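Q: Got a minute to go through this one with me? I'd like to start with the ligands and then wander a bit.

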Amino acid sequence: MTAPLIDPFARPISYLRVSVTDRCDFRCVYCMAENMTFLPKKELLTLEELDRMCSTFIRLGVEKLRITGGEPLVRKGIMTFFQSMTRHLDAGTLRELTLTTNGSQLRRYAQDLADCGVRRVNISLDTLDDQKFADITRWGRLPQVLDGIDAAQNAGLRVKINAVALKGFNEDELFRMVEWCGSRDMDLTYIEVMPMGDLGNEDRLDQYWPLSDLRARLAERFTLTDLAERSGGPARYVRLEETGQKIGFITPLTHNFCESCNRVRLTCTGELYMCLGQEDMADLRAPLRASDDDALLEQAIRNAIAHKPKGHDFDYSRQKVDGQMTRHMSHTGG
Ligand code: SAM
Ligand code: SF4
């Protein structure tokens, strides 16, 4: 038996998020600058290398794989990668293969994803208003995403909507969003905006809508029951008693849940980030490329996990942004 991956705080690492590209067909204002310089293609792990990386993590006990980016579905040939991961689902070593997407390419790929054994997808959507959607994503068009959501549901994929809570932007849509998700049988999770990327500090504080406030507003209309359910991640859930809906909160700022963190993140260039909110990372591409044998890679992964920090240092409580990360969310993979 291979020893499982356990970090210095006794947290078993069973969840890998993999960014397969830093590119995207949108330019969400909280995620990317309008004029992004993307990595040269030769810097990226090839699809075969991504397979080797993921397969090694699975051998070391990773049971859940989330493919993200950038926009994972704009990576050329990405379906080949999903198809190749199916063998781990079939073998029972991988329990879940899933992705986070902006939804723009789902009309084209939803059925293929379902055929590869994907059962659930997270789709990011902050607003149901055409103009606001165009504003926040800069390059996105809402009808295309709504069509992608239809395609996902028609293909039998369970959809969860992820919305970034943005002050003065989608506050007025809270109930509309809840009702819309309820009417389509989709779960909904709100996320606090994190200080990633190179926007100025003032911008972040201007955008920040604490979920404690969002929750209080929900409670004005609904009876909220806290659920014990944990996805093994930072989300906490409530049930709206009147509708039976489940609403998730990811609150890195108002309350962090680092103590139960079970995940690490691999970038499209093979850097392993042990924490989204720390600069510490380990290069796994060099040991991967150094030999065809996976022994070096396995050792590099174990060494990296031995350095997983206790938690992030994001903090806005002093009315300034602490813990700012210079890298963009699309680099590490949200
Ligand atoms: N392109 C895909 C998408 O948008 O779903 C996957 C990658 S995107 C980086 C993953 C998630 O990160 C999205 O839900 C997005 O809203 C979120 N995100 C990006 N920048 C963020 C930030 N500064 N704070 C909080 N969430 C952020
Ligand atoms: Fe692209 Fe997702 Fe970032 Fe928006 S949040 S720019 S869709 S990677």
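Q: Which backbone atom sits 3.2 Å from an oxygen atom of ligand 1?
A: A backbone N or O atom of T101. Keep in mind that this is a predicted model.

Q: And how much of ligand 1 does the protein cover?
A: On its own, ligand 1 has 540 Å² of accessible area, and the protein covers 95% of that.

Q: What do the nitrogen atoms of ligand 1 have for polar backbone company?
A: There's a polar backbone atom of Y30 at 3.1 Å from a nitrogen atom of the ligand. For G70, a polar backbone atom is 3.0 Å from a nitrogen atom of ligand 1.

Q: How many residues surround ligand 1, and which are the closest?
A: 17 residues surround ligand 1, with Y30, G70, E71, S124 and M194 the closest. By class, that shell has eight polar, six nonpolar and three charged residues.

Q: Okay, ligand 2. What's around that?
A: Around ligand 2 you'll find C24, F26, R27, C28, C31, M32, G70 and N102.

Q: How does that shell split by class?
A: Five nonpolar, two polar and one charged.

Q: Switching topic: which residues of helix α10 are buried?
A: Helix α10 runs over residues 295-305, and L297, A300, I301, A304 and I305 are buried there.

Q: Where do those sit around the helix axis?
A: Looking down the axis of α10, the buried residues fall within an arc of 135 degrees, so they line one face of the helix.

Q: What does that face pack against?
A: The buried residues of α10 pack against two helices, α1 (47-59) and α9 (285-290), plus the strands β10 (263-266), β11 (271-273) and β12 (281-283).

Q: Zooming out, how many helices and strands does the protein have?
A: Eleven helices and twelve strands. Of its 334 residues, 58% count as buried.

Q: What about contact range?
A: Take the contacts between residues at least 6 apart in sequence: 73% of them join residues at least 24 apart.

Q: And the accessible surface, what does that come to?
A: About 14300 Å², and 50% of that belongs to carbon and sulfur atoms.

Q: Last bit, backbone angles. What's phi doing at A10?
A: Phi of A10 is near 65 degrees, a positive value in a residue other than glycine. Most residues other than glycine have a negative phi.

Q: Where is A10, and is that residue buried or exposed?
A: A10 lies in the segment before β1 (15-19). A10 is exposed, with a relative accessible area of 57%.

Q: And what about phi of D185?
A: Phi of D185 is positive too, near 55 degrees. D185 is in the loop between α6 (174-183) and β6 (187-192).

Notes:
Residues numbered from 1 in each chain as written. Chains lettered and ligands numbered in written order. Predicted model: local features only at pLDDT ≥ 70, side-chain atom pairs only at ≥ 80, totals over all residues. Heavy atoms only, no water. Near = heavy atom within 4 Å. Polar contact = N/O pair within 3.5 Å; in protein donor to acceptor, adjacent residues only side chain to side chain. Areas by Shrake-Rupley, 256 points an atom, 1.4 Å probe, with all protein chains shown as cover. Nonpolar A, V, L, I, M, F, W, Y, C, P; charged D, E, K, R; others polar. Buried < 20%, exposed > 50% of the residue type's maximum accessible area, 1.4 Å probe, protein only. Helix = DSSP H or I, 4+ residues; strand = E, 2+ residues; numbered from the N terminus. Arc of directions from axis to C-beta. Contact = heavy atoms within 4.5 Å.
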